[in-house]
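Here's a quick briefing to read with the model open beside you. Have a look at the fold, then work through the notes by topic.

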Amino acid sequence: GRGGPQRGRGRSGSRRSSETSGGSRSASPLRGRSSKSTSHSPERAAVEGGTPALINEGLGLGKEEKAAQQQVDARMQEAVEKALKELVHDMKKLNAELSAEVDKYGKLDVFDSAPFDEKREPDDWKHYTRDIKSPMWIQKIEANRKAGTYAGSKAGFDLMRSHAELIGNNCMKYNKCDDASKVWYKAGQKFLNAVCRMFDERWEKVQEEVFRPLGRSHSRRRGT
């Protein structure tokens, strides 16, 4: 099967550590200086003025600034959608690597599908969900992306990140780093550390794609 030691059995039955959602790590990249700094083009001024909500409501921005903001929003949506698709691919690749570490025979799938089959393994699933209130796995994230759950926005990017981190956190919580489940706990820890790096790097690329055409540095926005 996909077993692991003790309670660590299950592909992702070793992952996730509760409802931790560390996704919302960055404030909106559209937050910046006041649009009253008039030496910039309308597009740059739109980016630097207020939040998208204020802009969409038309508070304090003229037609040129609104049009510029729409262009920035379109670039953001396109860049985020591209990043989310690539991140799913990267997580699947990571899952294959970690599954091979857990099972040298390559028969286990650690994080891609559900930790237990609810229909075929009802007792295991019931036991798992008693400890883990928000189960998460890569195929579920992929389905969410295709369904538009994450949408092409910073908020959607952060939500997908929180779901990816949930996989690793749940794994560590369920396996608790005892001797019998150590291999599963470590797999969850590696997954969590890797996806945090992945999302950080992808967000840097998103900002480059969105803001480089404006001729402005996004370095001061890093991590915000």
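A residue is called exposed when its relative accessible area is over 50%, buried when that value is under 20%, and partly exposed in between. By that yardstick K133 is exposed, because its relative accessible area is 54%. Bear in mind throughout that this is a predicted model. The chain has seven helices and zero strands, and 48% of its 224 residues count as buried.

**Overall layout**

- Going along the sequence, the pattern reads α-α-α-α-α-α-α.
- Helix α3 covers residues 63-102 and helix α7 covers residues 182-211; these two turn up again below.
- Further along from α3, α4 spans 122-131, while α5 (138-147) and α6 (154-175) sit on either side of the loop that holds A151.

**The positive patch**

- What makes up the positive surface patch? K126, R130, K133, K173 and K176 form it together.
- K133, the exposed residue from the opening, belongs to the loop between α4 and α5.

**Salt bridges**

- The whole structure has twelve salt bridges, and a few of them deserve a closer look.
- One of them pairs R202 with D90, with 2.8 Å between the closest N and O atoms. R202 is in helix α7 and D90 is in helix α3, so this pair ties together parts that lie 112 residues apart in sequence.
- Is R202 buried or exposed? It's buried, because its relative accessibility is 14%, and the cut-off for buried is under 20%.
- K92 and D112 also meet through their side chains, in a salt bridge of 2.9 Å from N to O. Here K92 comes from helix α3 and D112 from the loop between α3 and α4, which makes it a link between distant parts of the chain, 20 residues apart.
- The two partners sit in different accessibility classes: K92 is partly exposed at 27% relative accessibility, whereas D112 is buried at 12%.
- R120 and D117 make another salt bridge, where the closest N and O atoms are 3.2 Å apart. R120 counts as exposed because its relative accessibility is 66%, while D117 is partly exposed at 24%.
- As for shared partners, salt bridges join K92, D112, E142 and K146 into one network.

**Contacts across the sequence**

- F199 is a helix α7 residue, and it's buried, with a relative accessible area of 0%.
- How far apart are F199 and L87 in sequence and in space? They are 112 residues apart along the sequence, yet their C-alpha atoms are 7.5 Å apart.
- K205 is in helix α7 too. Its C-alpha atom is 9.4 Å from that of V80, with the two positions 125 residues apart along the chain.
- Unlike buried F199, K205 is partly exposed, because its relative accessibility is 47%.
- M136 is in the loop between α4 and α5, and its relative accessible area of 4% makes it buried.
- M136 also pairs up with D112: they are 24 residues apart in sequence and 9.3 Å apart from C-alpha to C-alpha. That's the D112 which forms the salt bridge with K92.

**An unusual backbone angle**

- Most residues other than glycine have a negative phi.
- Against that background, A151 has a positive phi of about 40 degrees, although it isn't a glycine.
- Where is A151? Its place is in the loop between α5 and α6.
- A151 is partly exposed, because its relative accessible area is 36%.

**Cysteines**

- How many disulfides does a search of the whole structure find? Zero.
- C171 is buried, because its relative accessibility is 0%.
- C196 is buried as well, with a relative accessible area of 16%, which falls under the 20% limit.

Note on methods:
Residues are numbered from 1 along each chain as its sequence is written. This is a predicted model: local features need pLDDT of at least 70, side-chain atom pairs count only at pLDDT 80 or more; totals for chains, interfaces and linings use all residues. Side-chain values use heavy atoms; hydrogens and water are left out. Helices (H or I, at least four residues) and strands (E, at least two) are DSSP runs, numbered from the N terminus. Buried means under 20% relative accessible area, exposed over 50%, partly exposed in between (1.4 Å probe, protein chains only). Patches are made of residues with over 30% relative accessible area and no salt bridge: like charges are joined within 9 Å, nonpolar side chains (Val, Leu, Ile, Met, Phe, Trp, Tyr) within 5 Å. Accessible areas come from the Shrake-Rupley method with a 1.4 Å probe; for residues, only the protein chains shown count as cover. A salt bridge is a side-chain nitrogen of Lys or Arg within 4 Å of a carboxyl oxygen of Asp or Glu. Lys and Arg count as positive and Asp and Glu as negative; His and the chain ends are not counted. The place of a charge is taken as NZ of Lys, CZ of Arg, CG of Asp or CD of Glu. A disulfide is a pair of cysteine sulfur atoms within 2.5 Å.
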